[in-house]
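Got your viewer ready? Let's take a walk through this one together, one selection at a time.

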Amino acid sequence: MIQYKPTLHPSTEIKGKIMRDTFLNRFVAEEKNLAFLNATMWGPNGIRQSEELASHFAITKDMKILDLGCGMGLSSLYLAQEYGAEVFATDLYADPTQNHENFQSLGIADKIIPMMLDATQPLPFAKSYFDVIFSVGAYNMFGDNEEMLAKIIPYLKKGGYIAVAFPGLKYEFGDNVPKEMQSFWNEPLVAKTVRGIEWWKDLFSKAVGIEIITISEQACHDIAWKEYLVSRDPNNEEEKWDLDMMAAEGGKYFNTIQLVAKVI
């Protein structure tokens, strides 16, 4: 299997500027961290996506952050290690014990509380407890409805932020799914949750108690996907599905949508 190397994409574009001294570049400069990244990506490079998403608002070390759908913890480790924030690393499918051991190996276990959590169920937290609800690569899987926003907003302090980034479309397919994408759109969850920017803007605009600060395509979309795909095993059926889908898509249809909203 080909492994992602940090020299493949040595810079990140954030807010129109080329940033070479990024957290990601510093992190993967250590061989053990590079191996950890390759082993724990469940989708497009979550550290790179988190770095761009977080550039749109201020994070401080005294904040409490709920990381929804953290997977193997790449977004959580970024938030804890870069900012020193206290992070609740939650996911329905990742093993919290394994995540805790990973955070221990990185020396950040004291800043991260790993939990198994189903975001669609009642949350075990006090209201107005968090400064930020953060989600990279997962929110579209459970948040494609008005009920989810109404449910999670009360857990944020006034002035707090919802910051999410997830797979999206450059335009809505509607009933005209491109021929090369039809076999992948037969997967109901893909057709239901991969939508365009205007669809998501409309959904968040309906929510009471927040205002959208920014919604846009992530500049790191192509790089983050390449870094993920180059570390996948074509002999693994699940990983091959991603490889085949992105080969069929060929850069024509997908983007990564990022959205930041503030509690008012």
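Before you click on anything, one definition will help: a residue is called buried when its relative accessible area is under 20%, exposed when that value is over 50%, and partly exposed in between. One more thing to keep in mind is that this is a predicted model.

**Stop 1: a pair across two strands**

Select Lys-64 and try the definition out. Its relative accessible area is 23%, so Lys-64 is partly exposed. Now add Glu-86, which also counts as partly exposed, at 26% relative accessibility. The two form a salt bridge, and their closest N and O atoms are 3.8 Å apart. What does this pair tie together? Lys-64 sits in strand 3 (residues 64-68) and Glu-86 in strand 4 (residues 86-91), so the bridge links parts that are 22 residues apart in sequence.

**Stop 2: the whole chain**

Zoom out and switch to a cartoon view. You should find 12 helices and 9 strands in the chain. Along its principal axes, the C-alpha trace spans about 45 × 45 × 35 Å. A compact globule of 264 residues would have a radius of gyration near 18 Å, and the chain agrees with that, at 18 Å. Of the 264 residues, 52% count as buried. Turn on the surface and you are looking at about 12200 Å² of accessible area, 52% of which belongs to carbon and sulfur atoms. Then think about how the chain folds back on itself: among contacts between residues at least 6 apart in sequence, 76% join residues at least 24 apart.

**Stop 3: into the core**

Hide the surface and head inside. In soluble globular proteins, nonpolar side chains tend to be buried together. Here, the largest nonpolar core has 50 residues; select Ile-65, Leu-77, Phe-134 and Trp-185, the ones that touch the most other members. Which helix gives the most to this core? That would be helix 4 (residues 74-83), with 5 residues.

Stay with Leu-77 and show what surrounds it. Setting aside residues up to four places away in sequence, Leu-77 touches nine-odd spots you can click through, including Phe-23, Phe-27, Phe-36, Ile-47, Phe-103 and Ile-112. There is also a second, separate core of 31 residues; among them are Phe-125, Leu-156, Ile-197 and Trp-200.

**Stop 4: a fully covered alanine**

Next, pick Ala-165 in strand 7 (residues 156-169). Is Ala-165 buried or exposed? It counts as buried, because its relative accessibility is 0%. Beyond its neighbours within four places in sequence, Ala-165 is in contact with Leu-53, Ser-135, Val-136, Gly-137, Ala-138, Gln-218, Ile-257 and Gln-258. For a sense of distance, draw a line from Ala-165 to Glu-30: these residues are 135 apart along the chain, and their C-alpha atoms are separated by 27 Å.

**Stop 5: more salt bridges**

The structure holds 12 salt bridges, so there are others to visit. Select Glu-172 and Arg-195, whose side chains meet at 3.0 Å, N to O. Glu-172 lies in the loop between strand 7 and helix 8 (182-185), while Arg-195 lies in the loop between helix 9 (188-193) and helix 10 (197-205), so this bridge ties together parts that are 23 residues apart in sequence. Glu-172 is partly exposed, with a relative accessible area of 35%.

Now move to Asp-244 and Lys-240, where the salt bridge is 2.8 Å, N to O. These two are 4 residues apart in helix 12 (residues 237-249), which puts about one helical turn between them. Both count as partly exposed: Asp-244 at 34% and Lys-240 at 30%. For a group rather than a pair, select Glu-146, Asp-202 and Lys-206, which are linked in a network of salt bridges.

**Stop 6: out on the surface**

Bring the surface back and colour Trp-42, Leu-92, Tyr-93 and Met-116. Together they form a nonpolar patch with about 510 Å² of accessible area. Met-116 belongs to strand 5 (residues 112-116) and counts as exposed, at 51% relative accessibility.

Last selection: Val-208, in the loop between helix 10 and strand 8 (210-217). Val-208 counts as exposed, with 74% relative accessibility. Add Ala-150 to finish: the two are 58 residues apart in sequence, yet 7.4 Å apart in space, C-alpha to C-alpha.

Note on methods. Residues numbered from 1 in each chain as written. Predicted model: local features only at pLDDT ≥ 70, side-chain atom pairs only at ≥ 80, totals over all residues. Heavy atoms only, no water. Patch = residues over 30% accessible without salt bridge, like charges linked within 9 Å, V, L, I, M, F, W, Y side chains within 5 Å. Areas by Shrake-Rupley, 256 points an atom, 1.4 Å probe, with all protein chains shown as cover. Salt bridge = Lys/Arg side-chain N within 4 Å of Asp/Glu carboxyl O. Buried < 20%, exposed > 50% of the residue type's maximum accessible area, 1.4 Å probe, protein only. Core = buried A, V, L, I, M, F, W, Y, C linked by side-chain atoms within 4.5 Å. Contact = heavy atoms within 4.5 Å. Rg over C-alpha atoms; globule rule 2.2 N^0.38 Å.
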